[in-house]
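I opened a fresh page for this one and wanted to see how the parts fit together. Here are my notes, in the order I looked things up.

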Amino acid sequence: MLSINNLEARIEQKQILRGLSLELPAGQVHAVMGPNGSGKSTLGYVLAGHEGYEVTGGTATFNDEDLLAMEPEARAAAGLFLAFQAPLELPGVNNANFLRTALNAIRRARGEAELDAVGFLRLARAESKRLAMPDDMLKRNVNVGFSGGEKKRNEVLQMAILRPKLAILDETDSGLDIDALRIVADGVNALRSPDFSALVITHHQRLLDHLVPDRVHVLSQGRIIRSGGPELARELEANGYAGVVADAA
Amino acid sequence: MNQSLRNGPSLRNGADGYIARYQGLRGRLPGDSTIRAAAADAFGKDGLPSMRDEDWRYTSLRGLAESDFQEPLSAVSTAPILGETIDAPRLVMIDGRYQPGLSTPPAGVTVTPFAENPYFGRLPDIKRPMAALNTMLAEDGVQLHVAAGVDAGALVLLSLAPDGHRPIAFHPRHSIHLEPGAKLTVLEIARGEGSYLHNAVTEAVVAKGAVLTHIRLQDEGPDAFHVNTTFAEIAEYGTYDAFVLTLGARVARTEIHARLIGQHGMVHLNGAQLLGGQQHGDITTVVSHDAPNCGSRQTIKNVLSDRSRGVFQGRIEVARAAQKTDGYQMNQALLLSPHAEIDCKPQLEIYADDVKCSHGATVGELDAEQLFYLRSRGVPDAEARAILVRAFLAEAMDPIAHQDARALLERAIEQWWEHRA
């Protein structure tokens, strides 16, 4: 599904990714862990097409398409979704309108019929209920006045409605309490299927208790320095990154 | 420079052609000729406003002197296209002349054409050069009157300049008078083709407890000059709620003078300008708080692309007697191009000591991170930009209580955006 090969990227003059390679097969959930500044968020932004990052080398293909050549909206239409670590506030943009515009833009790009207001609202209400979100979150402006947890849940709601093939969750667990964590994990687990993959960027083992990954990758200084099964996450939780990073150095 | 030459007939202040027209029409123009003569004196002396005038520092109308505008033809041959409007009674002006045959005057409003029974009003000030020009040459307009306690609903005042083949100038003279407790919503729409000058003056008198909602869609043709000067007076517990959307014209100036003369009066002067190409749009307001316990609110939004230029000048005057005044003014600009420009001149003149008055201004570009957020959700770049521009305008647009009028303005903005894309 996602194949990253020797990816290099920088922001302004600062090199962040230095030859990152990763294979994410269809139907799998992989976790990317690593210390602060290792390039985790950069990986998410580069894959989603943020213009602030310059790709200086390597490739990334998504279902055999050259991901790096696509505009951000084309990546979304192809089925990629990035749940932001710090979701943006959009004052003056109604959350329900935002979601419907996004869904219909993607449906249009895929050659599917657009959903009308009634059909959309039915879907959005059902999904927000499943995520235990208050109804009025749909009526409010996008993320404006939302608590940290509400913002994260709003990201998961977008994911649930847009139904991506590949979800990249950038520290979606940070700032969530135990209940919210479970809800977020359930939201991702609900999408699990042979056609769905997820890249879960996280600091902590906690989320991975609910969202069990097929593989765990450790990112350090812009490269994957170690990969393993779910037990690797527990090892990191117990011993910290220092050992792993030192081994690789 | 030779003093006599400066004051002589060769003085080039742009007034000559208009004065000549006035002299040619004298005797045939309706109404009190002494009012017109005084206006002609004032206009002849000062001429068209230029950047040398403090109140016109950012907007010059000297271009109007170079254009050779003609008289509108007296007869309208074919039924013009009215364009999109709202479901409400309408009054139609073509080339500045009232068209009873195309109009459907509403119940509850007495409509008298200016040409039939000219009323110049007591508020318009001929020290304002374009008001003087209007006073000198006004031929027609609509005079609206709503009796005490009557809720007259909404009406559309449609001004069309449909010909487009000859450059024309027209100077309509309107007045809106609401008696105590009366209510009226006026939606003014201005459209046209070709090169022309639309120079309107409106007197709005809001009596005790009356509510006048005054919404304007200025969608003139791209070669037009549009100048609109309103003089409003608000009595105790009265409300003047104005919104102007500037989309059209090569050069546009909306100037509103609102005077609060009784306690607990309220003024809203909100507006938005969306400009492109080399358009120049100017919104100038003067709010005079003469009485205590009144409020005024102004939120102006500018969306400027290409080489367009937006101007906002806002003066709030608080008289010594006007204690407990609550005044607010905000001007914000979104620059969509590095060549666009905004000029902002707020002025507070406060002579009372117990007042709350604030003003602010911001200038910015579209937020790159917000844009990326939208695009990452599949929204195409152009649509994402349009969403963020609409969001920027929302604060000014949302208070427009008349749903149909607001929807009309929103569609006009969408069309503006589509033409640009």
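These entries go from the domains of one chain to the chain interface, then to a sheet and a helix.

**Entry 1: the model itself.** I noted at the start that this is a predicted model. I kept that in mind for everything below.

**Entry 2: two domains in chain B.** I looked up how chain B is divided and found domain 1 (13-261) and domain 2 (366-421). For the contact between them, I found 13 residues from domain 1 of chain B and 13 residues from domain 2 of chain B. Taken over C-alpha atoms, the centres of these two domains of chain B are 30 Å apart.

Next I checked the area buried between domain 1 and domain 2 of chain B, which is about 1100 Å², with 79% of it from carbon and sulfur atoms. Which three residues supply the most of what domain 1 of chain B buries against domain 2 of chain B? I found Glu84(B), Phe243(B) and Leu247(B), which together give 41% of that area.

**Entry 3: polar links between the domains.** How many salt bridges cross the interface of domain 1 and domain 2 of chain B? My search turned up one. I then looked at Glu84(B) and Arg411(B), whose side chains meet in a salt bridge at 2.4 Å, N to O. Glu84(B) was already on my page as one of the three top suppliers of buried area on the domain 1 side. The count of residue pairs in polar contact between the two domains of chain B is one as well.

I also asked which strands make up the side of domain 1 of chain B that touches domain 2 of chain B. Strands β8 (183-192), β10 (211-219) and β12 (239-246) of chain B each supply at least two residues there. By class, I counted nine nonpolar, two polar and two charged residues on that side of domain 1.

**Entry 4: chain B against chain A.** I moved on to the two chains, where the contact takes 17 residues from chain B and 31 residues from chain A. The buried area between them is about 1900 Å², and carbon and sulfur atoms give 63% of it. On the chain B side, Phe372(B), Tyr373(B) and Arg377(B) supply 41% of the area buried against chain A, more than any other three residues.

I found five salt bridges across the interface of chain B and chain A. I wrote down the pair Glu71(A) and Arg375(B), whose side chains meet at 2.5 Å, N to O. The polar contacts between the two chains come to 13 residue pairs.

Which helices of chain B each supply at least two residues to the side that touches chain A? They are α6 (368-376) and α7 (381-397). Of these, α6(B) gives the most to that side, with seven residues. By class, the chain B side has nine nonpolar, three polar and five charged residues.

**Entry 5: the sheet in chain B.** I traced an open sheet of 10 strands with mixed pairing, in the order β2-β1-β5-β8-β10-β12-β14-β16-β18-β20. The edge strands are β2 (97-98) and β20 (356-364) of chain B, each pairing on one side only. At the β2(B) edge, two bridges join it to the antiparallel β1 (residues 90-94) of chain B. There I saw Met93(B) standing opposite Tyr98(B) of β2(B).

**Entry 6: salt bridges overall.** My search of the whole structure gave 39 salt bridges over all chains. One I noted is between Glu127(A) and Arg130(A), with the closest N and O atoms 3.0 Å apart. Both residues lie in helix α4 (residues 117-130) of chain A, three residues apart, about one turn of the helix.

Terms used:
Residues numbered from 1 in each chain as written. Chains lettered and ligands numbered in written order. Predicted model: local features only at pLDDT ≥ 70, side-chain atom pairs only at ≥ 80, totals over all residues. Heavy atoms only, no water. Domains from an automatic or database assignment. Contact = heavy atoms within 4.5 Å. Buried area = accessible area lost by both parts, 1.4 Å probe. Salt bridge = Lys/Arg side-chain N within 4 Å of Asp/Glu carboxyl O. Polar contact = N/O pair within 3.5 Å; in protein donor to acceptor, adjacent residues only side chain to side chain. Helix = DSSP H or I, 4+ residues; strand = E, 2+ residues; numbered from the N terminus. Nonpolar A, V, L, I, M, F, W, Y, C, P; charged D, E, K, R; others polar. Pairing = 2+ DSSP bridges.
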